[in-house]
Amino acid sequence: MPDYRVDKSEALRYLGYAGQATDGMLDERIDELIEACERMSKPSFLYRIFPVEETPEGVHLTGSSLLLEGDAIREHLHGARACAVMACTLGLANEAAARQMQAKSPLDALVFGAAGSSLVECAADACEAAIVAEAAASGLHTNWRFSPGYGDLPLSIQPALVRALSADKKLGITVTKSDLLIPVKSVTAFVGLFDEPQAHTKRTCAGCACAAHCFLRKAGTPCYR
């Protein structure tokens with residue numbers, strides 16, 4: 001099971017810190033809220049891989065109702081053999097804790113939310129690492145994850161994405177009328193699977209977001225070999 005931890009430096013970045021010193025009491029409170037976020041969260045993810053069909057209307061993921069519209073996602077998946085559809089969340093307990101904290105201390109809620117943003121990115125990295133490993137087992141290569149709302153890929157794809165994964169039943173993720181995800185600390189994305197290495201492919205594990213969760217690296221067979 002992946003080891004999910006808040007990256008404190010990343011959480012501080014979400015808060016707008018850029019290397020400023022923090023006093024002892026504030027630093028201690030931030031650590032307490034990070035620990036609370038980790039304790040009150042249940043990071044989880046799931047994904048499915050679908051064949052890709054490029055059509056004039058958009059990129060269709062065969063076997064689903066997903067039709068991905070926009071030039072950005074078409075370019076992202078151009079030449080892909082398949083596409084992994086992923087969803088990650090910190091769960092409803094984190095959502096409830098954030099709401100309770102907001103009512104008591106908006107400042108604590110802000111720090112708690114920043115910690116949650118870091119933690120859900122950790123879950124997304126773990127999910128992407130699992131996709132990379134499955135792709136490698138089939139002799140395929142991946143590109144990076146691309147979320148609804150990036151470029152011209154509309155957020156309106158969220159309901160169909162959640163249905164395609166049954167993420168409402170399996171992860172408790174729902175979509176609001178404005179196409180936002182609940183729990184708020186949730187991430188959805190698409191990752192292309194290709195026959196050939198992609199331009200972004202790293203030639204080392206250094207700096208790779210998936211490195212901490214990578215099954216291939218731990219087995220001594222990283223994806224670039």
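Six strands line up as an open sheet in the order E3-E2-E1-E4-E8-E5, with antiparallel pairing. Two strands count as paired here if DSSP finds at least two bridges between them. At the edges sit strand E3 (67-68) and E5, each of which pairs on one side only. Helix H5 packs on this sheet and touches E1, E4, E5 and E8, its direction making about 55° with that of E1. Contact means heavy atoms within 4.5 Å. Axes are lines fitted to C-alpha atoms, for helices over the stretch in contact, and angles run from 0 to 180 degrees between N-to-C directions.

A word on the ground rules. This is a predicted model, with local features needing pLDDT of at least 70 and side-chain atom pairs counting only at pLDDT 80 or more, while totals for chains, interfaces and linings use all residues. Residues are numbered from 1 along each chain as its sequence is written, and side-chain values use heavy atoms, with hydrogens and water left out.

Now the overall tally. The protein has eight helices and eight strands; helices (H or I, at least four residues) and strands (E, at least two) are DSSP runs, numbered from the N terminus. Buried residues account for 46% of the 225 residues, where buried means under 20% relative accessible area, exposed over 50%, and partly exposed in between (1.4 Å probe, protein chains only). Take the contacts between residues at least 6 apart in sequence: 73% of them join residues at least 24 apart.

**Strand E8 and its neighbours**

Back to the sheet, and to E8 (residues 186-194). Nine of its nine residues are buried, so the strand is largely enclosed by the rest of the structure. In a regular strand the side chains alternate between the two faces of the sheet. In E8, Ser 186, Thr 188, Phe 190, Gly 192 and Phe 194 point one way, Val 187, Ala 189, Val 191 and Leu 193 point the other way, and all are buried.

E8 has antiparallel partners on both sides of it in the strand order. Eight bridges tie it to E4 (residues 82-89), and two bridges tie it to E5 (residues 141-142). Some of the residue pairs look like this:

| Partner strand | Partner residue | Residue in E8 |
|---|---|---|
| E4 | Met 86 | Ala 189 |
| E4 | Thr 89 | Ser 186 |
| E5 | His 141 | Phe 194 |

Just ahead of E8 there is a backbone detail to look at. The peptide bond from Ile 182 to Pro 183 is cis, with omega near 0°, and Pro 183 lies in the loop between E7 and E8.

**H2 against H5**

H5 has a helix partner too. Helix H2 (residues 24-39) packs against H5 (residues 106-137) at an angle of about 55°, with the axes 9 Å apart. The two helices are therefore oblique to each other; angles under 35 degrees count as roughly parallel, over 145 as roughly antiparallel, 65 to 115 as roughly perpendicular and the rest as oblique. From H2, the contact uses Arg 29, Ile 30, Leu 33, Ile 34, Ala 36, Cys 37 and Glu 38, and from H5 it uses Asp 108, Val 111, Phe 112, Ala 115, Gly 116 and Leu 119. Sorted by class, that makes nine nonpolar, one polar and three charged residues. For the classes, Ala, Val, Leu, Ile, Met, Phe, Trp, Tyr, Cys and Pro count as nonpolar, Asp, Glu, Lys and Arg as charged, and the others, Gly among them, as polar.

**H6 and the loops**

Helix H6 (residues 158-165) is mostly covered, with six of its eight residues buried. Those are Gln 158, Ala 160, Leu 161, Val 162, Ala 164 and Leu 165. They pack against E1, E4, helix H7 (167-170), strand E6 (174-175), strand E7 (181-182) and E8.

Right after H6 comes Ser 166, with a positive phi of about 50°. Ser 166 sits in the loop between H6 and H7 and is partly exposed, with a relative accessible area of 26%. Asp 179 also has a positive phi, of about 70°, although it is not a glycine; its place is the loop between E6 and E7.

Finally, Glu 57, in the loop between strand E1 (44-55) and strand E2 (58-61). Buried or exposed? At 53% relative accessibility, Glu 57 counts as exposed. Leaving out residues up to four places away in sequence, Glu 57 touches Leu 67, Glu 69 and Arg 74. The C-alpha atoms of Glu 57 and Leu 68 are separated by 8.4 Å, and these residues are eleven apart along the chain.
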